[in-house]
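User: I should like to go through this structure and ask, for each term applied to it, what justifies the term.

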Amino acid sequence: MYIDSHSHLFDVRNLSNSDLKDIDAVIVLSYSKATISSALDFCKSNSKYYCALGIYPGFANEYTDEIEKFIISNRANICAIGEIGLDESYEIPYDRQLEALHRQLDLAEKLSLPVSIHLRTKRDFETFFNILTNYKNIKGALHCFNGDLIDCQQALELGFYISFACNITYKGRVKLREIAKIVPDDKLLIETDSPSMLPASFARKGENVPANTHFVAETIANIRGCSIDKIAKITRDNAIKLFNLKV
Ligand SMILES: [Zn+2]
């Protein structure tokens, strides 16, 4: 029924069948040097898992020639480059983050793969959109979208998909829900970013899991005034198209 378009599922402890309830596919992304192997190995365990490899801005120092060669050698086993991006709130120097991002965008272009992008601050969004003007052929998704309406419109103009995570269920995220109303059907994705970011209905401490994609779909269906089934279908179709999945 659902495709969870962004998860770090290898980090979930005690994963059970119910954690994948109604889930047809999960995009499982690395974020560091260590998790590149974890993500690849983990994805061999279930045909619903589709691997993406990349180095996240918080670990930008770990992006090396060796990592790049390793990703290239695994081209046949991956559906995207990610999680990559920019995050001004991290201590790691912005120059270093930019270098890792540029190299991984080059790699995505070279390997004809889409990208899953993490951006947090206004500067991150503006910088990324500027960079993207040099990459006409790159397709991708802004994962766990948390920008404003202008950021969303710019991303859509650049052909990017907008992926909403469980923070859209939080009471205070009124503006985010307003933005989710205007994303065209053919650019909408849903995700959990599991194991982090539990939906609002899970006040207890714990780990997020792909089955919670349902709460994102339910919230978006409510604000767009359509059925949950419709949101499941359009986001499933979009994920299949963007990540070239054989679901
Ligand atoms: Zn993530």
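User: What makes the strands of this model an open sheet, and in which order do they stand?

Analyst: In this predicted model, eight strands form an open sheet in the order β1-β2-β3-β4-β5-β6-β7-β8, with parallel pairing. The edges are held by β1 (2-7) and β8 (188-190); each has a single partner strand, so one side of each is left without a neighbour in the sheet. On average, neighbouring strands of this sheet are turned by 25° against each other, direction ignored.

User: How do you know that β7 and β8 are paired?

Analyst: A pair requires at least two bridges between the strands. Strand β7 (residues 161-164) is joined to β8 by three bridges, and the two run parallel; the criterion is therefore met. F164 stands opposite I190 in β8.

User: Which helices are said to pack on the sheet, and what do they touch?

Analyst: Helix α1 (residues 33-43) packs on the sheet and touches β2 (23-29) and β3, its direction making about 160° with that of β3. Helix α8 (residues 228-243) also packs on the sheet, where it touches β1, β2, β3, β4 (78-86), β6 (140-142), β7 and β8. The direction of α8 makes about 95° with that of β8.

User: What makes β2 and β3 a parallel pair, and which residues stand opposite one another?

Analyst: Four bridges link β2 and β3 in the parallel sense, where at least two are required. V28 stands opposite C51 in β3, and the bridge partner of I27 in β3 is Y50. Together with α1, these two strands make a right-handed β-α-β unit.

User: Which residues stand opposite one another where β1 meets β2, and where β3 meets β4?

Analyst: β1 and β2 run parallel and are joined by four bridges, with S7 opposite V28 in β2. Between β3 and β4 there are three bridges, again in the parallel sense, and L53 stands opposite I81 in β4.

User: Why are β2 and β3 called largely enclosed?

Analyst: The term follows from the count of buried residues in each strand. Six of the seven residues of β2 are buried, so β2 is largely enclosed by the rest of the structure. For β3 the count is four of five, so the conclusion holds there as well.

User: Why is C51 called buried?

Analyst: The cut-off is 20 or more other C-beta atoms within 10 Å. C51 has 22 C-beta neighbours inside 10 Å, so C51 counts as buried. C51 lies in strand β3 (residues 49-53). Leaving aside neighbours within four places in sequence, C51 is in contact with V28, A39, L40, C43, N77, I78 and C79. The C-alpha atoms of C51 and H8 are separated by 9.8 Å, although these residues are 43 apart along the chain.

User: How do you know that the length of α7 agrees with that of a helix?

Analyst: Helix α7 (residues 213-224) has twelve residues, which at 1.5 Å a residue should span 16 Å; its end C-alpha atoms are 17 Å apart, so the two values agree. Just after α7, G225 takes a positive phi of about 65°.

User: Which residues of α7 are buried, and what covers them?

Analyst: The buried residues of α7 are T213, H214, F215, V216, A217, T219 and I220. Their cover includes β1, β2, β7, α6 (174-182), β8 and α8.

User: What makes the chain agree with a compact globule?

Analyst: A compact globule of 247 residues would have a radius of gyration near 18 Å, and the protein chain has 17 Å; the chain therefore agrees with that expectation. The C-alpha trace spans about 45 × 40 × 35 Å along its principal axes. The protein chain holds eight helices and eight strands, and 47% of its 247 residues count as buried.

User: How much of the contact total comes from residues 24 or more positions apart?

Analyst: Among contacts with a separation of 6 or more in the protein chain, residues 24 or more positions apart account for 68%.

Technical notes. Residues are numbered from 1 along each chain as its sequence is written. This is a predicted model: local features need pLDDT of at least 70, side-chain atom pairs count only at pLDDT 80 or more; totals for chains, interfaces and linings use all residues. A residue is buried if 20 or more other C-beta atoms lie within 10 Å of its own, exposed if 12 or fewer, and partly exposed in between; C-beta atoms are placed from the backbone. Two residues are in contact if their C-beta atoms, placed from the backbone, lie within 7 Å. Axes are lines fitted to C-alpha atoms, for helices over the stretch in contact, and angles run from 0 to 180 degrees between N-to-C directions. The expected span of a helix is 1.5 Å times one less than its number of residues. A crossover is right-handed if, with the strands pointing away from the viewer, the path from the first strand over the helix to the second runs clockwise. The radius of gyration is taken over C-alpha atoms; the globule rule is 2.2 Å times the number of residues to the power 0.38.
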